[in-house]
Every structure is written in C-alpha cells, then in structure tokens.
Amino acid sequence: MSIIGELLELATSGDRRSLSRLITEIAESSEPPKFHSDTIWTLGVTGPPGSGKSTLIGKLAKHWVDSGDRVAVLALDPTSPISGGSFLADRIRMEGSDLGENVFVRSIASGNSPGGISPRIWPMCHALSLCGWSRIVVETVGTGQSEFRIAALADRLLLVDGPDRGDIIQAEKAGILELADVIAVNKSDLPGASLAAQSIRTSLDLSNDDSREVLLVSALEGDGVEKLASAIESCKPHSGRNEMIMREMLISEWDSILLSHPEIDELIRKLCDSSITIDEAIESLRKTAHNGG
Amino acid sequence: MRVVIAKPGLDGHDRGAKVIARALRDGGHDVIYTGLRKTPSEIVMIVNDEDAEVLGISTLSGAHDSLIPKICDGLREGGLGDVIVFAGGIIPDRDLELLYKSGVRAVFGPGTPTSEVLAFLDEAVERKLKNDPIGVGDDLGWNWN
C-alpha cells in the first residue's frame, strides 16, 4: 500500500498524528490522491485581507463544537515569491482554534506544492471528511483572483467584508460577490458597518431575484455569529455553482499541468532574454503537453 | 522546513518571537506562529496538527524551566520525537543544562544575530539527513551552543 493509503487508514481509525502527516503528503505528492467522501461538508471563506476571516472562523468553530461537530480548518496563506518562505499566522486569530480534540487547524503555504496548491485542497478536504471531521472550512485571503477562487470551490461560500466599503471591490472584480452564498459584514461594532452592508445589498438588488442575505456580525464581540451559522446551514447552493466548480477544477488542473511542465523554467528564461516570444512559448508548451509532457 | 514558533505560559512579550519568525520566513521556511499564552499541551497539539519539523519556544517570563520540559515530554509522548526543538528569550546560563537534558538542541539569548538561528537550522537539517540525533526524542549529547 502507498504511504498515503497507509496514513489514511491510520487516520480514519482516529490517529491524529497520521492525519497530520497525511495532509503533508497530499500537499507534497507529485500526484494528489483521489479520495472521495459522500458526507463531505465544506465551507469556503474568503474576503479582503484584514476583514476578520480568521477571527470569525474561530467563533464559528466554537459554535459548531458546542453543537457536537468536529471542525477542521485549512488556512491558506501566500508564500513569499522572494524567499519562498511564509508566515502563517491565521491560527493566532482563531480564538476557538485551540479548543482541543475537536478542532484541527492546518496552515498551508500556497506556494509549496508542485503545480500549485489548488488541486490538492479537495483531496485534503475529502480525507478530513473520511476521518470524521464534519465541518471543513477552507480559508483564503482575497489578494488575487486565484486565492478567492480556491474558496469558491467549496459547497458553500461565505464572503467576509470589513466596514470599509472599498475592500469588497476586489471581490467584485473577481466575480466572487456573485458566487457567495452568504455575505457577512464583519466588525459591526465599528462605525460604517451598516452602511457597508447596505451598499452591498444595493449592489445585489441590481440583479433580479437575489434573495441572499447580507449579515452584520462582530467576530470580536460575538454578535450575530449564531445567526450567521444558521444562515450558512440553510443556504441553498448557488444555481451557477456546479458549472463554476467544474470550470475552476478544469482551470486549476490545467494550471497544475502547466506549472509542472518540465520546460517551463527554460521557457521563462528564454522569455526573459527575449530569445522567444510569448506565442512561441505557448506553441512549444502545447506541442509537448500533447505528448504527455 | 515547517517551523512552529510558540509562546508558552503567562508571557505577553513577543517581539523576539516575531523577529525570529520573520527571519525564518525570509530564510525560506514556512513559519507558523501560535500567538501568546499557550499551554504546553496546546503547543504539542499545534506542532502535531501543523506537522512541523521544528519548534522554537520563546519565553521571557522565567518559567522556562518548568514549561519547556513539559512541552518536550508532551512531544515525545505524542509520537513527535523527531521534532527539533530550540528555545530563545531570557534564559540564564545555569538553566541551559536542564533544557539540553529535556531535548532542546539550541538556546538563543538576547543579541543573537538571526543568521545564527538560520545556521542552526541548516546544521539541524544536515544532521537529520545523516540520521544523527537531533529530534527531541533522539539521543542527547549534541547541541548547538
């Protein structure tokens, strides 16, 4: 049996050490495994930096654990393109994250996997579900389209914004506002929050039959967290969601093939010294990708 | 490497921990910072869940002699004997031996250049590759200082 298979077997029997090693193996393996759990429950959480995603997840985790759930959080943080290192600090803000046996938090640097992290997140979620984690949260910081979109692959998507209305423009650009099932304006204890919520509502009202709620919460004070949890529980998956998921899966698998292409570094080098054009690089990649490159 | 930087016990000062975290990140490591006031058992669970290869413990409160051995014991009991442990902060020389006996492999005091911590990690990786004792559960005898 492969190391991944062995670890999964130990992890499903309740060995937390093996579960943790399994997640690492999935992140680092050259070919992510195809796990499948029928009972998987996932929530994507995304939003601009500093909107309070981690703090809010901590509060939700506490709520779920109190209701008898086991909560796993995969927190994605960007890797520095300069040093290749990362400072993964999301878990500090998850006040509920050290609730003991029933909460599992893994920080993931987005840049350490061959072919990008995105095709590996879903095998990780399925593995966690197979191991009995009933609430699985994927948190991404919304600093660019791809980061927003990893979260959008979850069964349901929570978009968190701060009271500063300008923040959510990025989410709108990435098309995430349309995809969010639940929208929370955090920091309701600060001035400006209701105004921000109102302007998001106005923007949603522009499209027909949009019944999605925009909830005000304060992750700091805990206000509105229960209401948010029940909105997440009862939200109906977005009608365009399946097409979106398939589309994103295709794009991320494609990216993965591209990024793990044996010639990519060589082509980038040639592009840098102008010895080839972008078109020629793409042509060359196409040819070799056909041959299984 | 995946490194957890931890602040155990009642100690609210983490400037040093953050400086180290930043230096390790710039050195190409993935650093997970626990935040303040974690118990030894919380730290052991974080090291497990994050599948860290290295744990750096920062303490300035004077409780290093009781907290750090507890964490090291917890790691060994939790099947995490291969984790490499180092410590930093305000730790008097007379306590170093106790920490080494607990499985700590390096202690960095005030004024240590961050490059030295990175050099320690490089050496630790080399030892690991050669199967020389380096983890908290391995044979004692080697330490950086």
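Two residues are in contact here if their C-beta atoms, placed from the backbone, lie within 7 Å. That cut-off underlies the packing described below for this predicted model.

Start with helix α2 (residues 40–49) of chain B. Nine of its ten residues are buried, so the label "mostly covered" follows from the cut-off of 20 or more other C-beta atoms within 10 Å. The buried set runs B:Pro40, B:Glu42, B:Ile43, B:Val44, B:Met45, B:Ile46, B:Val47, B:Asn48 and B:Asp49. What do the buried residues of α2(B) pack against? Chain A contributes α2 (16–28) and β4 (103–109). Chain B itself contributes β1 (2–6), β3 and α3 (64–77). The helix thus has partners in both chains. Just after α2(B), B:Asp51 takes a positive phi of about 50°.

One residue of that helix leads on to the core. The largest nonpolar core has 107 residues. Those with the most contacts inside it are A:Leu158, B:Val47 and B:Val83. B:Val47 is among the buried residues of α2(B). B:Val83 touches B:Val47 directly. Leaving aside residues up to four places away in sequence, B:Val83 also touches B:Ala52, B:Glu53, B:Val54, B:Leu55, B:Leu75, B:Gly135 and B:Val136. In soluble globular proteins, nonpolar side chains tend to be buried together.

Now step back to chain B as a whole. It has five helices and five strands. From the N terminus on, they run β-α-β-α-β-α-β-α-β-α. The radius of gyration of chain B is 13 Å, close to the 15 Å that the globule rule gives for 145 residues, so the chain is as compact as a globular protein of that length. Its C-alpha atoms fill a box of roughly 40 × 35 × 30 Å along the principal axes. Of the 145 residues, 51% count as buried. Among contacts between residues at least 6 apart in sequence, 73% join residues at least 24 apart.

Chain A has 13 helices and eight strands. Of its 293 residues, 43% count as buried. Residues 24 or more positions apart account for 72% of its contacts with a separation of 6 or more.

Helix α9 (residues 193–205) of chain A shows a clear division of sides. At 1.5 Å a residue, its 13 residues should span 18 Å; the end C-alpha atoms are 18 Å apart, which agrees. Which residues of α9(A) are buried? They are A:Ala193, A:Ala196, A:Ala197 and A:Ile200. These cover an arc of only 100° around the axis, which puts them on the same side of α9(A). An α-helix has 3.6 residues a turn, so residues three or four places apart point the same way. On the other side of α9(A), A:Ser194, A:Thr202 and A:Asp205 are exposed. The cover over the buried residues includes β6 (156–161), β7 (182–185) and β8 (214–216) of chain A.

A loop residue gives a contrasting case. A:Thr277 lies between α12 (264–272) and α13 (278–290) of chain A. Is A:Thr277 buried or exposed? It counts as exposed because it has 11 C-beta neighbours inside 10 Å. Its C-alpha atom is separated by 9.6 Å from that of A:Leu267, ten residues apart along the chain.

Last, confidence. Chain B averages a pLDDT of 92, and 100% of its residues score at least 70. Among its elements, helix α1 (residues 15–26) has the lowest mean, 88, and strand β3 (residues 54–59) the highest, 96. For the complex, the predictor gives an ipTM of 0.85 and a pTM of 0.83.

Technical notes: Residues numbered from 1 in each chain as written. Chains lettered and ligands numbered in written order. Predicted model: local features only at pLDDT ≥ 70, side-chain atom pairs only at ≥ 80, totals over all residues. Helix = DSSP H or I, 4+ residues; strand = E, 2+ residues; numbered from the N terminus. Rg over C-alpha atoms; globule rule 2.2 N^0.38 Å. Buried ≥ 20, exposed ≤ 12 C-beta atoms within 10 Å, placed from the backbone. Expected span 1.5 Å × (residues − 1). Arc of directions from axis to C-beta. pLDDT = per-residue confidence, 0-100. Core = buried A, V, L, I, M, F, W, Y, C linked by C-beta atoms within 7 Å.
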